[in-house]
Amino acid sequence: MSTVLQNLVNQPYQHGFVSDIESDVAPIGLSEDTIRLISAKKSEPEWLLEFRLKAYRQWLAMEEPNWPNVKYPKIDFQSISYYSAPKPRNTLASMDEVDPELLRTFEKLGVPMNERAKLAGVAVDVIFDSVSVATTYKAKLAEVGIIFCSISEAVHNHPALVRQYMGSVVPVGDNYYAALNSAVFTDGSFCFIPKGVKCPMDLSTYFRINTENSGQFERTLIVAEEGASVSYLEGCTAPKFDTNQLHAAVVELVALDDADIKYSTVQNWYAGDENGKGGIYNFVTKRGLCKGVNSRISWTQVETGSAITWKYPSCVLRGDGSVGEFYSVALTNHHQQADTGTKMIHIGRNTRSTIVSKGISAGQSNNSYRGLVRIAPTAAGARNHSQCDSMLIGDRCGANTFPYIQVNNPGAQVEHEASTSKIGEDQLFYFAQRGIGAEEAVSMIINGFCKDVFQQLPMEFAVEATKLLGLKLEGSVG
Amino acid sequence: MIFEDSNTLLEARGLRATVAGIEILKGIDLVVKSGEVHAIMGPNGSGKSTFAKMLAGHPAYQVTGGEVLFEGKNLLELAPEARARAGVFLGFQYPVEIPGVANSQFLRLAYNTLQSERGRDELDPLEFDDFVREKMKLLEMNPDFLDRSVNEGFSGGEKKRNEILQMALLTPKLAILDETDSGLDIDALRVVAGGVNRLSGKDNAIVLVTHYQRLLNYIEPDYVHVMEGGRLIKTGGKDLALELEARGYDWVSEEAGVAPAANGAAAAQAANATKAAKVKAARVAKGGASA
């Protein structure tokens, strides 16, 4: 690979600082006692403890899956701390009471809070290590009946809703990491949009892992009742540590009749250094249930961080006429690995799904798209269109596509398109010959490549995503 | 039209270059002045395209000797984009496809980069659209080209028109057109050549790299050079092209004492009518080794 390309892909991570905040960390290791400790610390009701223990017992009986196209040393689940919370943990009445060091952290991250949040018109819930530290705009949202709070608060203030929906999309024993999350999750966001309400602003959660040796196991639950709609944004960063940290989240979305949920992620967890040391293992289960007729769930993700990204934001299209969408940009560099894609499970009649996946590999990274389109016998008139494009930067990286298509209804229409391209020296030379430098050229090519996905992002997020891809790929051109 | 010495735009002296360790250029001497049109002809593999790409700074080529001055400054120490901004334009033999990048976006970025380099106003997308459409009319190009990805799915002729469109937008001081005529039918050739002629003037120069005399019926050169074995072995006027068309290249090689279609054996500098610098004897001695 040319030095120009090499320099382009060697940009240091910008969010690698550690905030000096005192943390309340649970002893390392996992047992029923740990789970009881977490539950007790959070003063949880008995049913939730039972939920956790049931998940834990199932997890004990499960095998760690080894089918993804990623390589990593075996995780020692007894060496992780399953609970880390910034101290003090008294309930915060306003943002003024938030630890100023924490606020500075978010300032560094560019997270809009307080006045900045109001200007940006985005309500934010911030999950720091495992605990939700602040939710902005709560009162304004409450006026229209929207509940947006941490999942811990929801457990106490809206137990019936949480109990009804939590685990209804991703059951406790769904998979190894979902079971682990169900056992030990510490916090997350809860969002409920009542019947007929269009959420007046974008809702946003920022996740940050700050403590070394702590896992982050948050849970997000979003419910949109009949005719409701919401656009939800998720951002993630983490400090640089030499050790790997596990992030095993669960996100569940439920859309009732005619409801519309749009879930956008810009993931910039620490990816490890250029030799592949450190970084986050991002093993996340995200699934949406289009429960009602004509409901719609749309996932948009821009995955740039993590040492390993292993996740498949999925849609279960149960309601007749429901729509599932997945738009993804996954960028890997250095020694990063990604095995990501989606599952579209068509159950209802005339259900439709769209998959647009763009994988960009640079350095010595490996980037796989893996996707399942399943048309159940009941899904008459179902339609799917998948488009999976890979782009290679340099000649030491890899891209793979693993499409799984299962069609059990003869009336279904399923299309799959795939392409692979490469940013080559000749393309960069062509730009250069017209006076355009390598950084601008790569950014133009990448943005062109990702256009179909970026168009799906809310505007500020699209700008952030464009900048982020730029940062990840640009550098001092030599 | 020939102008006096002070208008020397490009001067190559004893230029040698290798690609992947193999010597392709073995001492090129060439002087190009403002207002001139030069044609470099020669058989396949003689080094014509290498010379063109090397002047533009293609990273695959290593300069191993000699020098190139552009407006009196050392061209070889400039990065490819700096050469472009200084006014060197290469019309590619095989323009690359750039999927996902709209032609209009690419053309405007290239145009504005040069405008800003020259201290002139940049154009916003609307102004640029008007501007580029005018230029496209001259090349009989369909405005649809603006919305398509750069060169993607273009036919050979469309790609070449797109190259000349870029030349029209960027108004280079030196345009090196590498086999711009290949892959063109007669109508396209006429249009493309017409475009080039319109852009040719007393303040700029054009170097045409071509296999065939055909193009020179439309664009009349002041000088015709024959390249063989990595050297310019003969220089003449436009009549030389006609003679080459009629007689082939072998006689030139023989006349110059170079083994035809091989990496030449002896010095050919005598045939070069440009003000060549003295060529070192060492280079001459080395010539036939790889034949």
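Angles under 35 degrees between two helix axes count as roughly parallel, those over 145 as roughly antiparallel, those from 65 to 115 as roughly perpendicular, and the rest as oblique. With that scale in hand, and keeping in mind that this is a predicted model, the tour can begin.

**First stop: a helix pair in chain A**

Select residues 425–433 of chain A, which form helix α10, together with residues 438–454 of chain A, which form helix α11; their axes come within 9 Å and cross at roughly 120°. Because that angle falls in none of the named ranges, α10(A) and α11(A) are oblique to each other, and their crossing is right-handed. To see where the two helices meet, show the side chains of Q427(A), L428(A), F431(A) and A432(A) on α10(A), and those of A438(A), A441(A) and I445(A) on α11(A), since these residues make the contact. Coloured by character, the residues of this contact divide into 6 nonpolar, 1 polar and no charged.

Stay with α10(A) for a moment, and ask how many of its residues are buried. The helix is mostly covered, with 7 of its 9 residues buried, and those seven are Q427(A), L428(A), F429(A), Y430(A), F431(A), A432(A) and Q433(A). Following the chain onward from α10(A), select G435(A), whose phi is positive, near 90°.

**Second stop: a serine in chain A**

Now move to S182(A), which is found in helix α9, residues 176–184 of chain A. Is this serine buried or exposed? S182(A) has 27 other C-beta atoms within 10 Å, and since 20 or more are enough for a residue to count as buried, S182(A) is buried. Leaving aside residues up to four places away in sequence, S182(A) touches F51(A), R52(A), A55(A), G167(A), V172(A) and V250(A), so these are the residues to display around it. For a distance to draw in the viewer, take the C-alpha atoms of S182(A) and M201(A), which stand 19 residues apart along the chain and are separated by 30 Å.

**Third stop: chain A as a whole**

Zoom out until chain A is in view, where there are 12 helices and 23 strands. Of the 478 residues of this chain, 56% count as buried. Among the contacts in chain A that link residues at least 6 apart in sequence, 84% join residues at least 24 apart.

**Fourth stop: where chain B touches chain A**

Turn next to the contact between the two chains, which takes 22 residues from chain B and 18 residues from chain A. On the side of chain B that touches chain A, the elements giving two or more residues are α2 (80–86), β7 (98–102), α3 (103–117) and α5 (156–170) of chain B. Which of these gives the largest share? It is α3(B), with 5 residues. The residues on this side of chain B divide into 15 nonpolar, 4 polar and 3 charged.

**Last stop: a helix pair in chain B**

Finally, keep α3(B) and α5(B) selected and hide the rest, for these two helices pack at an angle of about 30°, with their axes 10 Å apart. As this angle is under 35 degrees, α3(B) and α5(B) are roughly parallel to each other, and their crossing is right-handed. In the contact, L107(B), A110(B), Y111(B) and L114(B) in α3(B) meet Q166(B), L169(B) and L170(B) in α5(B), and the residues of this contact divide into 6 nonpolar, 1 polar and no charged.

How values were computed. Residues are numbered from 1 along each chain as its sequence is written. Chains are lettered from A and ligands numbered from 1 in the order in which they are written. This is a predicted model: local features need pLDDT of at least 70, side-chain atom pairs count only at pLDDT 80 or more; totals for chains, interfaces and linings use all residues. Axes are lines fitted to C-alpha atoms, for helices over the stretch in contact, and angles run from 0 to 180 degrees between N-to-C directions. Helices (H or I, at least four residues) and strands (E, at least two) are DSSP runs, numbered from the N terminus. A crossing is left-handed if the near helix is turned anticlockwise from the far one by less than a right angle, and right-handed if clockwise. Two residues are in contact if their C-beta atoms, placed from the backbone, lie within 7 Å. Ala, Val, Leu, Ile, Met, Phe, Trp, Tyr, Cys and Pro count as nonpolar, Asp, Glu, Lys and Arg as charged, and the others, Gly among them, as polar. A residue is buried if 20 or more other C-beta atoms lie within 10 Å of its own, exposed if 12 or fewer, and partly exposed in between; C-beta atoms are placed from the backbone.
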